Amino acid sequence: MDIGMWTGCPRTGRTLAWAAAIPLLVALLVVLVVSTTDTLPGSPSSFGGIRTLDVHTDHGDVEVVGADVTEVRVNRHAQGAGPRVESWGDGSLTVGLVCDDAGSFCGPIRDTAGSHTDYVFVVPRDIDVTIRSEHGDVTVRGVTGKADARTETGRLRQDPPSPG
């Protein structure tokens, strides 16, 4: 029997293309190793042209402050290894999601109470913001764009929507 690059599962008869799975697993591992460093290579402290901010965290606190600025500025404070992943482009900044190269699968990076990153963003007032946190505190103030902020067990502080 020639196994080659295909391995069959005796219980289900399904096959797995190891040649395709290994590069994806290696890429995810590289992202996780790089994201645990305090200075993520190529990750600036300010981002121009951003119209939407999307933040996901388990334990990190997130504060978003709308101001009279033209770019998104970020201040990061790592706790422990402080895992983090940031991606930007096409007018969007996404924090805390790991995606495959095709963008067909995305999942939140897992952090812990002892190993997470807290964020403070200063953003243009009219930016659209989405924040999802499990246990971190979330604050949104001064934002006039759409703001959808949620936390499961952390504290949520959010300015009321401005009359439109």
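**View 1. Asp 90 sits out in the open, with a relative accessible area of 78%.** That value makes Asp 90 exposed; here, buried means under 20% relative accessible area, exposed means over 50%, and partly exposed lies in between, using a 1.4 Å probe and protein chains only. Look for Asp 90 in the loop between β7 (86-89) and β8. Its backbone is worth a glance too: Asp 90 has a positive phi of about 55° although it is not a glycine. Most residues other than glycine have a negative phi. Please keep in mind that this is a predicted model, in which local features need pLDDT of at least 70, side-chain atom pairs count only at pLDDT 80 or more, and totals for chains, interfaces and linings use all residues. Residues are numbered from 1 along each chain as its sequence is written, and side-chain values use heavy atoms, leaving out hydrogens and water.

**View 2. Six strands line up in an open sheet.** The protein has one helix and 15 strands; helices (H or I, at least four residues) and strands (E, at least two) are DSSP runs, numbered from the N terminus. Six of these strands follow the order β3-β6-β11-β5-β13-β15, with mixed pairing. Two strands pair if DSSP finds at least two bridges between them. At the edges are β3 (46-48) and β15 (156-158), each pairing on one side only. Neighbouring strands of this sheet are turned by 15° against each other on average, direction ignored; the axes are lines fitted to C-alpha atoms, for helices over the stretch in contact, and angles run from 0 to 180 degrees between N-to-C directions. Within the sheet, strand β5 (residues 62-67) and strand β11 (residues 116-124) pair in the parallel sense over six bridges. Which residue of β11 is the bridge partner of Val 62? The partner is Tyr 119.

**View 3. The largest nonpolar core brings together 20 residues.** A nonpolar core is a set of buried Ala, Val, Leu, Ile, Met, Phe, Trp, Tyr and Cys residues joined through side-chain atoms within 4.5 Å. In soluble globular proteins, nonpolar side chains tend to be buried together. Leu 53, Val 64, Phe 121 and Ile 131 touch the most other members of this core. Elements that give two or more residues include β4 (52-57), β6 (71-79), β12 (128-133) and β13 (138-141). The most comes from β11, with three residues. To explore from the inside, start at Val 64: leaving aside neighbours within four places in sequence, its contacts (heavy atoms within 4.5 Å) include Leu 53, Phe 121, Val 129 and Ile 131.

**View 4. Asp 137 and Arg 155 meet through their side chains in a salt bridge (3.1 Å, N to O).** A salt bridge is a side-chain nitrogen of Lys or Arg within 4 Å of a carboxyl oxygen of Asp or Glu. Asp 137 lies in the loop between β12 and β13 and Arg 155 in the loop between β14 (147-151) and β15, so the pair ties together parts that are 18 residues apart in sequence. Is Asp 137 buried or exposed? Asp 137 is buried, with a relative accessible area of 18%, whereas Arg 155 counts as exposed at 51%. The side chain of Asp 137 also reaches the backbone nitrogen of Arg 155 at 2.8 Å. Leaving aside neighbours within four places in sequence, Asp 137 is in contact with Gly 60, Asp 61, Val 62, Gly 154 and Arg 155.

**View 5. Glu 63 and Arg 141 form a salt bridge between two strands.** Their closest N and O atoms are 2.6 Å apart. This pair links distant parts of the chain, with Glu 63 in strand β5 and Arg 141 in strand β13, 78 residues apart. Glu 63 is partly exposed at 23% relative accessible area, and Arg 141 is partly exposed at 39%.

**View 6. Arg 76, Arg 84 and Glu 86 join into one network through salt bridges that share partners.** Between Glu 86 and Arg 84, the closest N and O atoms are 3.2 Å apart. Glu 86 is buried, with a relative accessible area of 9%, and Arg 84 counts as buried at 5%. Side chains of opposite charge can pair when their charged atoms come close. How many salt bridges are there by this rule? The count comes to eight.

Technical notes: A polar contact is a pair of N or O atoms within 3.5 Å; within protein, one must be able to donate a hydrogen and the other to accept it, and residues adjacent in sequence count only if both atoms are side-chain atoms.
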